[in-house]
Amino acid sequence: MGATVAELIQAVEAADSKGAMALAVHQLAATQDAAAIPTLITVLGYNNPGAAVAAVEGLASLGSVAVPALLEQIDGYNYGARAWAIRALALIGDPRALPVLLETAKGDFALSVRRAAARGLGTIDWTRLTPDQAAASQAEVLEVLTQATTDPEWVVRYAAIAALQTLAKGLVKADPTPILNALQQVFQQDETPAVQARARLALDTLAAPR
Amino acid sequence: MEQESQPPIQAGGEPLTVEQALANLRQTVDTGLRYYAAWWLGRFRVSEPAAVEALVAALEDEADRAPDGGYPLRRNAARALGKLGDRRVVPALIQCLDCDDYYVRESAAQALEALGDPQPISALRALLAGGVVAAVGVPGKPHLVQPYNAVLEALGSLGATEAIPEITPFLEHEVAQVQNAAARALYQLTGDTTYCDRLMERLQEPNLQLRRSAMMDLGAIGYLPAAGAIAATLAENSLKLIALQGVLESHLRQSGFPHGGLTDEARQVLVLMDDLL
């Protein structure tokens, strides 16, 4: 049967081509073993998209246990690694990532990173916070996502709308009316039909009986 | 990391105003400032007459020359004019189809496609002269003698049904991207979906560039049955989202959105897009 985690980590370190690296990372990620986390995070900085996708999937499937190491990585200088780390955090949905997702959705210069961060703000697992903490964070998320519905890039606006839809369902104490108003405004005024359509879908979904 | 076009950073980092961009484009001392200003006016869709006029003037620039003899400012000015939607520039862009610089001809063909005016059809057809036999590579350059992709795509988008006999042989051109462009144009001109099936097959190619190209073609022609295949192909999420946007918006136009609400098909495409964010 299969190799040990240590052997799989070694295989990643020894990989001599982009394809071999991607395959080795995929196999390491599939172990879902926390011992793989540092190696998976290192791979995010290798400028090898195939390997990075596999590493992000592996980190996302590990969930919260990977969050502290990912948050440390965000402080690093490697820009590419930072973008992938945001993507992994967005998939995990751990509230400890909130500050970095908020900051990134507000002001990262790369649209694909703003897009991933906005989406991540919509997938936070609010049950991991006390109701008071959740309510305070949700107010902040609402403000940033509403701002993101006016981003110059259509795909960031699109991601913000998708996130507002899930936020509206998970609201702890707040009234969803501001969200519905923001969605209505996008539906009526956005210049990009795909974005208007996403707002329509959100409004239809939120209006449907639960 | 995924590909995306980063705006070049302005020296000094100051944001431009329309007035400053126009002044930068009109001055002739700093070619870098002019080049950036032309891009900026297109990016921010500054369609006021002064901007259009300055960009048209830039199509005849002689000062900014690339090491290969090309005209970087003309290329950027043509691209920008394609984004501004002012059809009065069509004759000036048609002139650019005769420029010595391949990339100026390519930018002009793309801009003419975007403007949607049928006037350039005969000038575009002229670039197909000699057919596939003449459509060979330029020695030492990464491109063919003419920007066939852009020309074929423009003829398809502009509804040039009279060009079908000239376009059809390009389905057999040796460059796969040129075949794709021909298939895309012929679908637009005939409505025959077998041309789209050829593009769908390309989504399974081992070559990433080919998958990207076919995906963007399917998005550009808005072929709804391709949505699932686009979402599933191995390529960057950013590009898949753009292709799916094309498919979705084409369907939205046909289904009378926003007045008629969302169809089930539109909802399905939106679900695919959500998974790619």
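**Exercise 1. Determine which residue forms a salt bridge with B:Asp86, and state whether each partner is buried or exposed.**

Step 1. In this predicted model, B:Asp86 pairs with B:Arg88 in a salt bridge whose closest N and O atoms are 2.7 Å apart; the term stands for a side-chain nitrogen of Lys or Arg within 4 Å of a carboxyl oxygen of Asp or Glu. Side chains of opposite charge can pair when their charged atoms come close.

Step 2. B:Asp86 has a relative accessibility of 14% and counts as buried, whereas B:Arg88 is exposed at 65%; buried means under 20% relative accessible area, exposed over 50%, and partly exposed in between, with a 1.4 Å probe and protein chains only.

Step 3. Before going on, note the conventions: residues are numbered from 1 along each chain as its sequence is written, and chains are lettered from A and ligands numbered from 1 in the order in which they are written. Because the model is predicted, local features need pLDDT of at least 70 and side-chain atom pairs count only at pLDDT 80 or more, while totals for chains, interfaces and linings use all residues, and side-chain values use heavy atoms, with hydrogens and water left out.

**Exercise 2. Find which salt-bridge network contains A:Asp94, and describe the surroundings of A:Asp94 and A:Arg96.**

Step 1. Salt bridges with shared partners link A:Asp94, A:Arg96, A:Asp125 and A:Arg128 into one network.

Step 2. Within that group, A:Arg96 bridges to A:Asp94 with the closest N and O atoms 2.9 Å apart.

Step 3. A:Asp94 is buried at 4% relative accessibility, while A:Arg96, at 44%, is partly exposed.

Step 4. Over all chains, the structure holds 22 salt bridges.

**Exercise 3. Explain which parts of chain B the pair B:Glu62 and B:Arg74 ties together.**

Step 1. The side chains of B:Glu62 and B:Arg74 meet in a salt bridge at 3.1 Å, N to O.

Step 2. B:Glu62 sits in the loop between helix 3 (49-58) and helix 4 (72-84) of chain B, and B:Arg74 in helix 4, so the pair ties together parts that are twelve residues apart in sequence; helices here are DSSP runs (H or I, at least four residues) and strands are runs of E of at least two, numbered from the N terminus.

Step 3. B:Arg74 has a relative accessibility of 10% and counts as buried.

**Exercise 4. Describe the interface of chain B and chain A, working from its extent to its individual pairs.**

Step 1. The contact, which means heavy atoms within 4.5 Å, takes 23 residues from chain B and 29 residues from chain A.

Step 2. The two chains bury about 2200 Å² between them, 61% of it on carbon and sulfur atoms; buried area is the accessible area (1.4 Å probe) that two parts lose on being put together, summed over both.

Step 3. Three salt bridges cross the interface, one of them joining A:Asp204 and B:Arg267 at 3.0 Å, N to O.

Step 4. On chain B, helix 15 (237-254) and helix 16 (264-274) each supply at least two residues of the side that touches chain A, and helix 15 gives the most, with eight residues.

Step 5. That side of chain B divides into twelve nonpolar, four polar and seven charged residues.

**Exercise 5. Work out how B:Gln245 takes part in the interface.**

Step 1. B:Gln245 lies in helix 15 of chain B and is buried, with a relative accessible area of 13%.

Step 2. Leaving aside residues up to four places away in sequence, B:Gln245 touches A:Trp154, A:Thr192, A:Ala194 and B:Met273.

Step 3. The side chain of B:Gln245 also makes a polar contact with the side chain of A:Trp154 at 3.4 Å, a polar contact being a pair of N or O atoms within 3.5 Å, where within protein one must be able to donate a hydrogen and the other to accept it, and residues adjacent in sequence count only if both atoms are side-chain atoms.

**Exercise 6. Characterise the fold of each chain from its helices and buried residues.**

Step 1. Chain B has 16 helices and zero strands, and 51% of its 277 residues are buried.

Step 2. Chain A has twelve helices and zero strands, and of its 210 residues 53% count as buried.

Methods. Ala, Val, Leu, Ile, Met, Phe, Trp, Tyr, Cys and Pro count as nonpolar, Asp, Glu, Lys and Arg as charged, and the others, Gly among them, as polar.
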